[in-house]
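This report walks through a protein model together with the two molecules bound to it. Please look at the sequence and the structure first, and then read on.

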Amino acid sequence: MIVLLTGGTGYIGSHVCVELLNSGHDVVIADNLSNSKIGVVERINKIAGNSSVVFRKLDLRDYESLELVFHEFQFDAVMHFAGYKAVGESVYCPLKYYENNVQGSINLLKAMLKYNVKRIVFSSSATVYGMSEDVPFHEYSPLNAVNPYGRTKFFIEEILRDFQTANKDVMVCILRYFNPVGAHKSGLIGEDPTGIPNNLMPFIVHVAAGEQKKLSIFGSDYSTPDGTCVRDYIHVADLALGHTLALEKHKQDSGCFVYNLGRGKGISVLQMVRTFQKVNGIMIDYEFSERREGDIAVSYAANTKAYSVLGWKPENTLEDMCRDSWRWYKNSKLMKL
Ligand code: NAD
Ligand code: UFG
């Protein structure tokens, strides 16, 4: 298949790109490079060996330039990663998020309709489940996004459902990621946040590297086994595999399909810190601080649907996630990224 990856030079898109190339697909990346670098394309090609990915720099908010790429290639499917993802920023700049994530998605669907592209896989998030204490989250659990970023994901999901209802021959696959971490084993691609990281794993890595003095653990009085928040961390390579399996499984289908992509295992912040220390032999200085606004105590996936329907079995352990994140960081410094 020829697959369009919007946001394909980003963290998750780049890993999915490698997976698609390794499975024999052709890939075209469309990205405006607002949160990624062009050098990723070369490194994807290096990992994937003989395959070579096509890159077009464009912004999804610009419908005319988006149409050009649909005019140039006859896509069999679209995987839609492009969007902004910083929860905190979305609270202060909601319109920026609605314009980029929602308007960008609408433009994409318009182009798909015009150019007769019938399959789309969308990057949604566990954030759509919101503040519920009823864990694990099932695909049918109530949706209750509590910040503008989460609501963009919720609205896009709804738009996709309406789009599919109006276009019965279309296949929509919504993948709700839990907490993606880790990096490709080659050390050539990984998460590359600009500035001070917001998320746990990149922050731990920055402390390990001496770029931050210590980790603040947000809250030690949650009703969890050690008092710190529990999340479902999933290796980005396993996440990537979920995309190719979903596309393969539903390539002849029409309808709207939703899958949680998480390991189904709750890991606390302290557990993550200790595992990172043990696996990489580096002490992580930390202190406990106030709870972070908007955090829920426990979030993890019910993932039996992805297991049974897609045959998806995440194989990487928490140790792999810690090892690969650190390897990527060190390598990215050596490569002077
Ligand atoms: P990322 O920022 O690394 O990648 C997103 C890519 O989209 C970037 O390369 C960026 O340059 C591009 N982009 C943004 N706006 C664009 C636009 N208007 N036109 C063209 N390109 C644009 O993020 P990621 O971690 O790879 O996340 C990918 C998707 O998965 C996002 O939609 C995100 O919301 C979703 N998601 C991520 C996480 C996570 O923790 N990383 C969790 C759940 C869901
Ligand atoms: N944490 C700290 N200190 C830090 C950073 C995080 O203690 O410096 C804690 C948080 O309080 C939370 C846990 O580590 O308990 C994980 O936090 P992250 O920010 O890494 O991840 P979140 O679960 O808050 O959210 C992430 C993404 C969202 C996405 C969600 C579900 O940021 O975009 O996973 O996929 F929606």
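## Two helices that pack together

In this predicted model, helices α1 and α2 cross each other in a right-handed sense. Helix α1 covers residues 11-22 and helix α2 covers residues 39-48, and the two pack at an angle of about 35°, with their axes 10 Å apart.

On the side of α1, the contact is made by Ser-14, Cys-17, Val-18, Leu-21 and Asn-22, while α2 contributes Val-40, Ile-44, Ile-47 and Ala-48. When the residues of this contact are sorted by character, seven are nonpolar, two are polar and none is charged.

## The surroundings of ligand 1

Which residues are the closest to ligand 1? Of the 27 residues that surround ligand 1, the closest are Asp-31, Asn-35, Ser-36, Asn-100 and Tyr-149. Two of these residues also take part in polar contacts through their side chains: a polar side-chain atom of Asp-31 lies 2.6 Å from an oxygen atom of ligand 1, and an N or O atom in the side chain of Tyr-149 is 2.7 Å from an oxygen atom of the ligand. The backbone takes part as well, with an N or O atom of Gly-10 lying 3.3 Å from an oxygen atom of ligand 1. On its own, ligand 1 has 820 Å² of accessible area, and the protein covers 95% of this area.

Helix α1, described above for its packing against α2, returns here, for α1, β5 (119-125) and α6 (148-166) each supply at least two residues of the shell around ligand 1. Strand β5 gives the most, with three residues. The shell as a whole divides into ten nonpolar, twelve polar and five charged residues.

## The surroundings of ligand 2

Around ligand 2 there are 22 residues, of which Ser-125, Phe-178, Ser-216, Arg-231 and Asp-295 come nearest. A polar backbone atom of Ser-216 is 2.8 Å from a nitrogen atom of ligand 2, and a polar backbone atom of Phe-218 is 2.9 Å from an oxygen atom of the ligand. A side chain is involved too, since an N or O atom in the side chain of Asn-179 is 3.0 Å from an oxygen atom of ligand 2. The protein covers 88% of the 690 Å² of accessible area that ligand 2 has on its own.

Helix α7 (200-208) and strand β8 (215-218) each supply at least two residues of the shell around ligand 2, and the largest share, four residues, comes from β8. By character, this shell is made up of 13 nonpolar, six polar and three charged residues.

Technical notes:
Residues numbered from 1 in each chain as written. Chains lettered and ligands numbered in written order. Predicted model: local features only at pLDDT ≥ 70, side-chain atom pairs only at ≥ 80, totals over all residues. Heavy atoms only, no water. Axes fitted to C-alpha atoms, helices over the stretch in contact; angles between N-to-C directions. Left-handed = near helix turned anticlockwise from the far one by under 90°. Contact = heavy atoms within 4.5 Å. Nonpolar A, V, L, I, M, F, W, Y, C, P; charged D, E, K, R; others polar. Near = heavy atom within 4 Å. Polar contact = N/O pair within 3.5 Å; in protein donor to acceptor, adjacent residues only side chain to side chain. Areas by Shrake-Rupley, 256 points an atom, 1.4 Å probe, with all protein chains shown as cover.
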